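Subject: Structure handover and findings

Hello,

Here is the structure I promised to pass on. Please open it beside this message; my notes follow below.

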Amino acid sequence: MGALGLHLLLFRADYVTQLSQDSFSNMRSSDKDPSCRMPRGVWILGFVSLLMDVSSEMIHSLLPLFMVTTLGASALTVGLIEGLAEATALIVRIFSGALSDYLGKRKGVTVFGYALGALCKPLFALAQSAGLVLGARLLDRLGKGIRSAPRDALLTDLTPPPIRGAAFGLRQSLDTVGAFIGPLLAVVLMLIWANDFRAVFWFAAIPGLASVALLVFCLREPPRSSSARRENPIRRDNLRRLDASYWRVVGIGAIFTLARFSEAFLVLRALECGIPLAFVPLVMAAMSLTYALSAWPFGKLSDRMSHRRLLALGLIVLIAADLVLASHRHWSVVLAGVALWGIHMGITQGLLSAMVAKTAPEELRGTAFGLFNVVSGIAMLLASVAAGLLWDHLGAPATFLAGALFCVAALIALVRHRTVEPSHDNGQQS
């Protein structure tokens, strides 16, 4: 409570006056300024993400249950598969991001990543062992890794600097609407098809293919300078152009990932608490709903507020989520903890992307997003494996309490090191 009170005082002292005086005038000027209107391409990327997340979350909301109940996997196996899969997605982004910088084209690489993610979905329906699930999961996350960095760089290219926080928040919100619809659709199909996991997995390929078609036929990539000389973006001389402010953002992203292990453990917690099998995906739907509702508003807020304090608020919310999830096994308490987890994601994920975009040179944006996610990928692997070990040996409460303790340590570090971002475009210093 002491940390919460400190940050509430900081918000009140530093920003209430600023928001009351500046927000209305900023919104009025952005409405009149065409350069501050949300580009059509941002909406298209958002709906592409929405459709792919419907496809992915139909599977991911059921996959831990499928592995544990049908394939007989342990929580450690689930954690290892999830950690390796997410780490693969994050680590491969450096290569796809660098390739998009080298080619000067981002759409083609993005399309390939989405297509790989869509085409691998039937492998989950065919899986008879945890090994094939791991292979399918790695291919699925490989597709995500290939598309994510060039997509984020493409979104940055499409969006004027004054509204980039809002643009990343909007795309994240639409993405998370898909993550909300996916588990709901999975529940309906599980009820209709009598808990037939494999039939649901086959159906999940349809929205994935629709997302690829939307991207191919509806998005036009903005032109880039044809006079620019092609260079290897990951040469040492080029990487030196990523300055200290960028690497601070990378470090912050790693800390946040270590404090937040895979959402698969939210699904396992729901199953452990006695929620019927067909309704367990509603847990992910609840998280996605609060994530979707909070991502765009907090993304817009990040264009006017200190990034450091929004990050601190995100950590406080994650601490609350961990404590709630560790405290009780009643389904209503679990849903409350999951909802807080989603709010934390809405506060922090788009914000971190906007911070990377702000600190990276234009011609190295794909590489910058890729490097950011390499470090985050390693952190995700470590966090998920540690969570699985704690779950198997000490139980679910210990897993979430350990997450809360790490969040407290991260929050203390964030409070003590005040300079975690460059100054805002309007001259405000954090």
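In which helix does Asp 140 lie? Asp 140 belongs to helix α8, which covers residues 130–158. Keep in mind throughout that this is a predicted model.

**Overall**

The protein has 19 helices and zero strands. Of its 430 residues, 57% are buried. Contacts reach far along the chain. Among those between residues at least 6 apart in sequence, 85% join residues at least 24 apart.

**Asp 140 and its surroundings**

Back to Asp 140. Its relative accessible area is 0%, so Asp 140 is buried. Which residues does Asp 140 contact, leaving aside neighbours within four places in sequence? They are Ser 56, His 60, Gly 117, Cys 120, Lys 121 and Phe 124.

Cys 120, one of those partners, is itself buried, with a relative accessible area of 3%. Cys 407 is buried too, at 0% relative accessibility. As for disulfides, the count is zero. A disulfide here would need a pair of cysteine sulfur atoms within 2.5 Å.

**Glu 86**

Glu 86 is another charged residue to look at. Glu 86 sits in helix α4, residues 75–91. Is Glu 86 buried or exposed? Glu 86 has a relative accessible area of 16%, and the cut-off for buried is under 20%, so Glu 86 counts as buried.

Not counting residues up to four places away in sequence, Glu 86 touches Arg 137, Arg 141 and Met 380. Arg 137 and Arg 141 fall within the range of α8, residues 130–158. Met 380 falls within the range of α18, residues 365–394. There is also a long-range pairing by C-alpha position. Glu 86 and Ser 376 are 290 residues apart along the chain, yet their C-alpha atoms are separated by 9.4 Å.

**Helices α16, α17 and α18**

Take α16 with α17 to begin. Helix α16 spans residues 307–327. It packs on α17 at an angle of about 155 degrees, with the axes 8 Å apart. Angles over 145 degrees count as roughly antiparallel, so that is how α16 and α17 run to each other. Their crossing is left-handed. What classes of residue make up this contact? The contact of α16 with α17 holds 20 nonpolar, six polar and two charged residues.

Val 317 gives a view from inside α16. Val 317 is buried, at a relative accessible area of 14%. Outside its neighbours up to four places away in sequence, Val 317 touches Leu 340, Ile 343, His 344 and Ile 347. Those numbers fall within α17, residues 331–359. The C-alpha atoms of Val 317 and Met 345 are separated by 9.4 Å, with their positions 28 residues apart along the chain.

Now α17 with α18. At what angle do α17 and α18 pack? The angle is about 135 degrees, and the axes are 9 Å apart. That makes α17 oblique to α18. This crossing is right-handed.

On the α17 side, the contact uses Leu 352, Ser 353, Val 356 and Ala 357. On the α18 side, it uses Ala 368, Phe 369 and Phe 372. By class, that is six nonpolar, one polar and no charged residues. Residues three or four places apart on an α-helix point the same way, because there are 3.6 residues a turn.

**Helix α3 and the glycine after it**

Helix α3 runs over residues 63–70. Which residues of α3 are buried? Leu 63, Pro 64, Leu 65, Phe 66 and Met 67 are among them. Just after α3 comes Gly 72, with a positive phi of about 75 degrees.

**The loop between α9 and α10**

Most residues other than glycine have a negative phi. Two residues in this loop go the other way. Ala 194 lies between α9 (164–192) and α10 (197–203), and its phi is positive, at about 55 degrees. Asn 195 lies in the loop between α9 and α10 as well, and has a positive phi of about 60 degrees.

How exposed are they? Ala 194 is exposed, with a relative accessible area of 64%. Asn 195 is partly exposed, at 36%.

Best wishes

Note on methods. Residues numbered from 1 in each chain as written. Predicted model: local features only at pLDDT ≥ 70, side-chain atom pairs only at ≥ 80, totals over all residues. Heavy atoms only, no water. Axes fitted to C-alpha atoms, helices over the stretch in contact; angles between N-to-C directions. Helix = DSSP H or I, 4+ residues; strand = E, 2+ residues; numbered from the N terminus. Parallel < 35°, antiparallel > 145°, perpendicular 65-115°, else oblique. Left-handed = near helix turned anticlockwise from the far one by under 90°. Contact = heavy atoms within 4.5 Å. Buried < 20%, exposed > 50% of the residue type's maximum accessible area, 1.4 Å probe, protein only.
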